[in-house]
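Reader: I am new to this structure and would be grateful for a close look at a single part of it. Please begin with one residue and then place it in its wider surroundings.

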Amino acid sequence: SVAAEDRASLDGIAAQLAPAIGAAPADEPALRATAIRVAAARGESDILSVARALAAEHPDDARVRWALAEALMAANEAEEADALLAALVDAGPEPMRARAAVQRAWLAAGRGDHATARNALDTARALAPSWELVQLRSMDLRLDAGEYRAVLAELGDAGDSEARTLRALRA
């Protein structure tokens with residue numbers, strides 16, 4: 001079957017990578033999860049069955065659940081992906097929580113739900129206040145919502161010096 005061939009291929013990639021990066025056998029699920037994320041990023045929707053199988057083998061591995069969420073997004077299964085990402089935001093490892101919140105924002109924006117997208121970005125900002133990607137995604141969403149003047153004002157491109165002075169005084 002295609003899923004068995006894909007899994008064998010992912011297992012082969014993981015086996016080749018492990019010695020090259022000095023990975024221990026315990027890292028094998030993470031390597032397979034990374035291969036799944038790469039395949040999902042390429043839009044390979046058929047990777048979903050492989051991701052589900054890996055998640056069934058390692059239900060408590062956050063990296064595997066992240067890979068499953070990405071495979072679900074590639075397969076246009078946004079609702080299930082969002083539920084997985086929400087769980088990662090709530091209880092995932094610290095470095096992953098803000099990334100999962102950004103992904104939730106992206107999913108919400110994709111379905112036109114700007115309020116939910118903004119809330120997810122607020123969560124990401126609270127978890128990782130200095131992460132520039134959160135700031136960029138926030139501007140993306142605001143531009144998508146038509147908030148051009150506000151974004152330009154924030155970037156300091158409002159035009160007249162009086163407006164700049166007022167912004168500086170308010171800051």
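Author: Tryptophan 131 is a suitable starting point: with a relative accessible area of 28%, tryptophan 131 is partly exposed, since that class lies between the limit of under 20% for buried residues and over 50% for exposed ones. The model in which this residue is viewed is a predicted one. Tryptophan 131 is placed in the loop that runs between helix 7 (114-127) and helix 8 (132-144).

The surroundings of this residue come next. When residues up to four places away in sequence are set aside, tryptophan 131 touches Ala98, Arg99 and Val102. For one of these, arginine 99, the separation from tryptophan 131 is 32 residues in sequence, while the C-alpha atoms of the two lie 9.8 Å apart in space.

Arginine 99 leads in turn to another tryptophan. Its charged end sits over the ring of tryptophan 66, at 4.8 Å from the centre of that ring. A further arrangement of this kind involves arginine 137, whose charged end sits over the ring of tryptophan 106, 4.3 Å from the ring centre. As for pairs between aromatic rings themselves, the structure holds zero.

Charged side chains also meet one another. Side chains of opposite charge can pair when their charged atoms come close. In this model the count of salt bridges comes to 12. One of them joins arginine 97 to glutamate 94, with 3.3 Å between the closest N and O atoms. Both residues of this pair belong to helix 6, where arginine 97 and glutamate 94 are three residues apart, or about one turn of the helix. Salt bridges with shared partners also join Glu28, Arg32 and Glu57 into one network.

Another salt bridge is formed by arginine 104 and aspartate 82, whose closest N and O atoms are 2.7 Å apart. This pair links distant parts of the chain, for arginine 104 lies in helix 6 (residues 94-110) and aspartate 82 in helix 5 (residues 78-91), 22 residues apart. Arginine 104 is partly exposed, at 25% relative accessibility, whereas aspartate 82, at 12%, counts as buried.

The salt bridge between arginine 63 and aspartate 61 has its closest N and O atoms 3.2 Å apart. Here arginine 63 is partly exposed, its relative accessible area being 38%, and aspartate 61 counts as buried at 15% relative accessibility.

The surface offers a further feature for inspection. Leu143, Tyr148, Leu152 and Leu155 form a nonpolar patch there, and together these residues have about 370 Å² of accessible area. The most is given to this patch by helix 9 (residues 148-155), which supplies three residues. Tyrosine 148 is found in that helix.

It remains to set these details within the whole chain. The chain has 10 helices and zero strands. Of its 171 residues, 35% are buried. The accessible surface of the chain comes to about 9,700 Å², and carbon and sulfur atoms account for 54% of that area. Among the contacts between residues at least 6 apart in sequence, 46% join residues that are at least 24 apart. Tryptophan 131, with which this account began, thus has its place in a chain of helices, in the loop between helix 7 and helix 8.

Methods:
Residues numbered from 1 in each chain as written. Predicted model: local features only at pLDDT ≥ 70, side-chain atom pairs only at ≥ 80, totals over all residues. Heavy atoms only, no water. Patch = residues over 30% accessible without salt bridge, like charges linked within 9 Å, V, L, I, M, F, W, Y side chains within 5 Å. Areas by Shrake-Rupley, 256 points an atom, 1.4 Å probe, with all protein chains shown as cover. Salt bridge = Lys/Arg side-chain N within 4 Å of Asp/Glu carboxyl O. Helix = DSSP H or I, 4+ residues; strand = E, 2+ residues; numbered from the N terminus. Buried < 20%, exposed > 50% of the residue type's maximum accessible area, 1.4 Å probe, protein only. Phe/Tyr/Trp six-rings, centres within 6.5 Å; stacked < 30°, edge-to-face > 60°. Lys NZ or Arg CZ within 6 Å of the ring centre and 35° of its normal. Contact = heavy atoms within 4.5 Å.
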